[in-house]
Amino acid sequence: MQNSTQIEVPGEPNFDRLNALKVFDETKAGVKGLIDAGATAVPRIFYSPPDGIGRFPGGESSIPIIDLDDVSRDAIRRNDVVGRIRDASGAWGFFQVVNHGIPTKVLEEMLEGVRRFYEQDSEVKKEWYTRDGSKTVVYNSNFDLFRAASANWRDTTYCNMAPNTPKPDELPGACRDIMIQYSNEVKKLGTLLFELLSEALDLDPNHLNNMGCSEGLAVLYHYYPACPEPEKTLGATKHADYDFLTVLLQDNIGGLQVLYQNQWVDIPPVSGALVVNIGDLLQARF
């Protein structure tokens with residue numbers, strides 16, 4: 001909680017940022033709590049200056065969508081998919097997958113479980129609010145709230161699901177069952193993706209799995225409340241994922257962007273698709 005003393009802001013002389021952050025955090029209600037309380041303006045701690053990066057015009061570019069159907073049974077098709085993953089990973093660092101084996105019903109219920117958690121009674125939800133990163137479940141608003149230059153307009157929950165699988169009663173009741181089911185499905189998909197990425201690197205299919213890349217699994221679920229002044233803040237500022245692989249499930253609202261050739265590219269939701277991001281720990285020269 002350092003380096004957040006006083007910042008001069010036009011119209012807000014001697015703005016005490018650290019105190020504002022503490023007051024916000026101590027509510028344990030997150031951004032959702034601001035909206036529930038009737039906020040009609042974005043608090044100063046969330047102001048995010050423009051990053052100066054342009055955007056690709058709509059429809060001119062998009063990350064590849066790769067169909068995984070039959071990749072475990074059809075050698076010719078698998079070879080084609082491996083090539084597409086190699087190209088997408090090298091050019092973008094991102095791709096979307098369809099026919100990935102996770103039932104649509106599971107994806108829909110996972111999104112609904114996230115809504116149930118964040119929209120439940122605030123007093124129940126507060127029981128999970130913490131900044132202790134050693135906890136199995138960590139719910140708060142902005143893990144780097146006291147370090148970042150500006151806070152993001154979102155609330156987040158982090159759950160460690162593997163390799164040490166939590167007991168059911170260690171997980172929030174609002175989304176417990178579906179989180180366990182979804183995690184099991186994503187683990188299976190992750191094992192397949194690491195096989196395909198190994199082959200894309202001209203390695204034995206089991207290489208990355210044997211290294212332990214697929215052993216751990218953390219589930220993060222975000223909530224982005226409607227914002228009264230969206231031009232002043234962001235749901236997520238520019239960042240990279242410090243893991244091996246991120247598998248992202250979008251809802252139908254959209255808003256996801258990736259940086260490509262120093263321009264932001266919109267990634268509109270595709271029904272049933274999952275977005276795959278090559279994390280920092282798996283960066284390689286394809």
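## Exercises: a sheet and its helices

Helix α4 (residues 104-119) lies across β6, β7 and β8 and runs at about 60° to β8. Contact here means heavy atoms within 4.5 Å. The model is predicted: local features need pLDDT of at least 70, side-chain atom pairs count only at pLDDT 80 or more, and totals for chains, interfaces and linings use all residues. Residues are numbered from 1 along each chain as its sequence is written, and side-chain values use heavy atoms, with hydrogens and water left out.

**Exercise 1.** Work out which strands stand at the edges of the sheet.

*Solution.* Start with the order: three strands form an open sheet, β6-β7-β8, with antiparallel pairing. Strands pair if DSSP finds at least two bridges between them. Next, β6 (137-140) and β8 (217-223) each have a single partner strand, so one side of each lacks a neighbour in the sheet and these two stand at the edges.

**Exercise 2.** Find the bridge partner of Thr157.

*Solution.* Seven bridges join β7 (residues 155-162) to β8. Within β8, Tyr221 is the bridge partner of Thr157.

**Exercise 3.** Describe how α3 and α6 cross.

*Solution.* First place α6 (residues 176-200): this helix lies across β7 and β8, at about 125° to β8. Then take the axes of α3 (residues 75-91) and α6, which come within 9 Å and cross at roughly 80°. Axes are lines fitted to C-alpha atoms, for helices over the stretch in contact, and angles run from 0 to 180 degrees between N-to-C directions. The two helices are therefore roughly perpendicular, a term covering 65 to 115 degrees.

Key:
Helix = DSSP H or I, 4+ residues; strand = E, 2+ residues; numbered from the N terminus. Parallel < 35°, antiparallel > 145°, perpendicular 65-115°, else oblique.
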